[in-house]
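Let's take a friendly walk through the side-chain contacts of this chain. Have a look at the model first, and then we can go through the charges, the rings and the surface together.

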Amino acid sequence: MSSPSTPSNGTIESRNEYKDTPKGQYDYWNEELTSSHKRLKKWQKKGDKIVRKYLGAGATAANNDTLNDGNSGARLNLFHSNTTTLLSMLYGNTPKVDVSRRNLDANDDVGRIAAELMGRLLSNDLADNGEEYDSVLRAVLEDRLLPGLGCAKVRYEPVFTKELRPNPQNPLEQIEVEVLESESAPTEYYHWRDVAWGWGRTFSTLPWIGFRSYMDKQALAERFSEDIANEASYETQHV
């Protein structure tokens, strides 16, 4: 990629407009993220208002149903109760794993046993992490019913170790190789305000999806380096 200058009018016609350098990539993603946040700002503002109504924050007798029991003036938040009812109707328990063969051939014992093994392995994983799945699914569904977007993703997390093994080209010599020790796929919930995406009319046409991650100095150093962690600035999150 090459370009004599960086676009400054706020419109990206092509990624080729940005130089294939660290600064060029920074300018590109800065423009993309700025445009995305600007496009989502109105929806996020409405989402905050809906969540406040759900929690009953700032409620007044004028915009809430009132239980007239003398002089108590107790208010009944019907929006909260209706949403809670929908939550109970749409989700009650963690899903059950069902692995079946596409073609139910009578003599296909290999396929049948493989499907049963896969189903049991996935069921064990779901049982071991049931509380994690349950909390994520409930949070995602609540976000879907309130601001309109529920988001979770599965992250692949491998752990590698180094071992000494014989050199295939010279059996008398040992070489250090990287071996997969363990792997996991944790399910992570993302707040609807911590998700951004590029413009597209359908999900399949979105050019990118981004997730905001909150990291302290130790996490930043483990993910990147001590130098980057020392140079970064940190803020206290209140909400």
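How many salt bridges does the count come to? The count comes to 9 salt bridges, where a salt bridge is a side-chain nitrogen of Lys or Arg within 4 Å of a carboxyl oxygen of Asp or Glu. Please keep in mind that this is a predicted model, in which local features need pLDDT of at least 70 and side-chain atom pairs count only at pLDDT 80 or more, while totals for chains, interfaces and linings use all residues. Residues are numbered from 1 along each chain as its sequence is written, and side-chain values use heavy atoms, with hydrogens and water left out.

**Charged pairs**

Here are three of the salt bridges, with the distance between N and O.

| Acid | Base | N to O distance |
|---|---|---|
| Asp27 | Lys23 | 3.0 Å |
| Asp109 | Arg112 | 3.6 Å |
| Glu163 | Arg165 | 3.4 Å |

Asp27 and Lys23 are 4 residues apart in helix α1, about one helical turn. Helices (H or I, at least four residues) and strands (E, at least two) are DSSP runs, numbered from the N terminus. Asp27 counts as buried at 15% relative accessibility, whereas Lys23 is exposed at 58%. In these terms, buried means under 20% relative accessible area, exposed over 50%, and partly exposed in between (1.4 Å probe, protein chains only).

Asp109 and Arg112 are also separated by about one helical turn, being 3 residues apart in helix α3 (residues 109–128). Asp109 is partly exposed, with a relative accessible area of 42%, and Arg112 is partly exposed at 35%. Together with Glu116, Asp109 and Arg112 are linked in a network of salt bridges. As for the pair in the last row of the table, Arg165 is partly exposed at 40% and Glu163 is partly exposed at 34%.

**Aromatic rings**

A pair of aromatic rings is described by the distance of the centres and the angle of the planes. Rings of Phe, Tyr and Trp (its six-membered ring) pair if their centres lie within 6.5 Å; planes under 30 degrees apart count as stacked, over 60 as edge-to-face and the rest as tilted. The count comes to 7 aromatic pairs. In one of them, the rings of Tyr18 and Tyr28 have centres 5.5 Å apart and planes at 75 degrees, so this pair is edge-to-face. Tyr18 lies in the segment before α1 (22–55) and Tyr28 in helix α1, so the pair ties together parts that are 10 residues apart in sequence. Both Tyr18 and Tyr28 are buried.

Tyr190 and Phe211 form a tilted pair, 4.9 Å centre to centre with 50 degrees between the planes. This pair links distant parts of the chain, with Tyr190 in strand β6 (residues 187–190) and Phe211 in strand β8 (residues 209–211), 21 residues apart. Tyr190 is buried, with a relative accessible area of 10%, while Phe211 is partly exposed at 31%. Phe211 also has a charge over its face: Lys153 lies there at 5.1 Å from the ring centre. For this contact, NZ of Lys or CZ of Arg must be within 6 Å of the ring centre and within 35 degrees of the ring normal.

Ring pairs also link Tyr18, Tyr28, Trp29 and Trp208 into a cluster.
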